[in-house]
Amino acid sequence: MTKRHVSLPPEAEEGLEEFLGQVDRRLASEEDTCEVVEDVLVDLHGDRDAYERWQAGEAVSPAERVRLQGYDPCNATLESEYYAEKDEDAFEDSKHLQWLWRQFDATPMADNVEFALRFRRMLADHLFAECGENCRFFKGITFTYGHNISVGDNVIVHDDVHLDDRGKLTVGNRVSISDGVHVYSHDHDVVDQTHVENFHTVVEDDARLTYDSMVRAGVKVGENAILGARAVAQSDVPAHHVAVGTPAKSVRVKPGWESVAEPLDGDHPDGRDERRLPYEVPDDIDVFDEFGRDRAPPE
């Protein structure tokens, strides 16, 4: 799609660059990430006066106290925090950064596209395992951890996308992920839903995941392929193919790519099982079954 260049007024651009540079430097420094996140959120939410009154021991209402405490990611929990197999050391930093990402999205500044895209792109450098150049991340994107995601150059991720990296997620160059897409890297057992298997999910270069589609854990969406609107990819999508439906099936090869694509009626191998990621739950973790029920099949 042809786009036009948009720029901010010089004064706004100067303020944006100063703020982004300051936060970027602080996150890259030896300063405690949790403290940086708390400090940035206090200012982004315009709560500096109330925060300083609270820190000085002055009276605040119970609601104010909860709000002010909430800027500190150490006073919050995320769903992924409860996952027994997570890497505790990697999660500590990524939790703080993910909290900053999510809470930034709750500010009015998240609707200022030029500012918000650059802020999230800066955060991605600190949160993701890898993030390429010129990536654009829109509002409402969620992750499991963030630190198991690798993203190539010129990737665009639109509103309300979920990128699950409980396993591992690799997104290639020039990938387009439309609004409402869910990409998973973990799966639950059919009989015992408390049993989780993690996978490496791959979206290759130039692929396009269209509106409200879903990629199952361990699936590879091939180079230059398209997954149609609301389609569910349960198995690999061959390169240059267009797949639609539930479960998604290839219905055509992209025009002009017939000479290099697998035939539409060919045998399309599925490498999902090869992308399974083994893991172990540490022995010292106190685990529990949130459902508390016995669903073993009858003998």
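A residue is called buried when its relative accessible area is under 20%, exposed when the value is over 50%, and partly exposed in between, with a 1.4 Å probe and protein chains only. By this rule Gly 228 is buried, because its relative accessible area is 8%. The model is a predicted one, in which local features need pLDDT of at least 70 and side-chain atom pairs count only at pLDDT 80 or more, while totals for chains, interfaces and linings use all residues. Residues are numbered from 1 along each chain as its sequence is written, and side-chain values use heavy atoms, with hydrogens and water left out.

The overall picture comes before the details. The protein chain holds six helices and 19 strands, where helices (H or I, at least four residues) and strands (E, at least two) are DSSP runs numbered from the N terminus. Along the principal axes, its C-alpha atoms fill a box of roughly 70 × 60 × 30 Å. Of the 299 residues in the chain, 43% are buried. Among the contacts (heavy atoms within 4.5 Å) with a separation of 6 or more, 37% come from residues 24 or more positions apart.

Gly 228, met above, belongs to the loop between β15 (226–227) and β16 (232–233). Apart from neighbours within four places in sequence, Gly 228 is in contact with Thr 210, Ser 213, Ala 243 and Val 244. Its C-alpha atom is separated by 8.8 Å from that of Asp 212, which is 16 residues away along the chain.

Attention now turns to charged side chains. In general, side chains of opposite charge can pair when their charged atoms come close. Here a salt bridge is a side-chain nitrogen of Lys or Arg within 4 Å of a carboxyl oxygen of Asp or Glu, and a search of the whole structure finds 23 of them. One of these pairs Asp 39 with Arg 26, at 3.0 Å from N to O. Asp 39 lies in helix α2 (residues 33–44) and Arg 26 in helix α1 (residues 10–28), so this salt bridge ties together parts that are 13 residues apart in sequence. With a relative accessible area of 24%, Asp 39 is partly exposed.

A second salt bridge joins Lys 139 to Asp 111, with 3.1 Å between the closest N and O atoms. This pair links distant parts of the chain, since Lys 139 sits in the loop between β2 (136–137) and β3 and Asp 111 in the loop between α5 and α6 (113–127), 28 residues apart. Lys 139 is partly exposed at 29% relative accessibility, whereas Asp 111 is exposed at 53%.

Within helix α6, Glu 114 and Arg 118 form a salt bridge of 2.7 Å, N to O. The two residues are separated by about one helical turn, because they are four residues apart in that helix. Both ends are partly exposed, Glu 114 with a relative accessible area of 25% and Arg 118 with 22%. Elsewhere, salt bridges with shared partners join Arg 26, Glu 31, Asp 39, Asp 43 and Arg 48 into one network.

Two charged residues tell another story. For both, Lys and Arg count as positive and Asp and Glu as negative, with His and the chain ends not counted. Asp 165, in the loop between β6 (162–163) and β7 (168–171), is buried yet has no salt bridge, and Arg 102, the nearest side chain of opposite charge, is 8.6 Å away. The side chain of Asp 165 does reach the backbone nitrogen of Thr 144 at 3.2 Å. Beyond its neighbours within four places in sequence, Asp 165 has contacts that include Phe 143, Tyr 145, His 147 and Ser 185.

Lys 254 lies in the loop between β18 (249–253) and β19 (276–277). This lysine is also buried without a salt bridge, the nearest side chain of opposite charge being Asp 206 at 7.9 Å. Its side chain makes a polar contact with that of Asn 224 at 2.9 Å; the term covers a pair of N or O atoms within 3.5 Å, where within protein one must be able to donate a hydrogen and the other to accept it, and residues adjacent in sequence count only if both atoms are side-chain atoms. Leaving out residues up to four places away in sequence, Lys 254 touches Asn 224, Ile 226, His 240 and Val 242.
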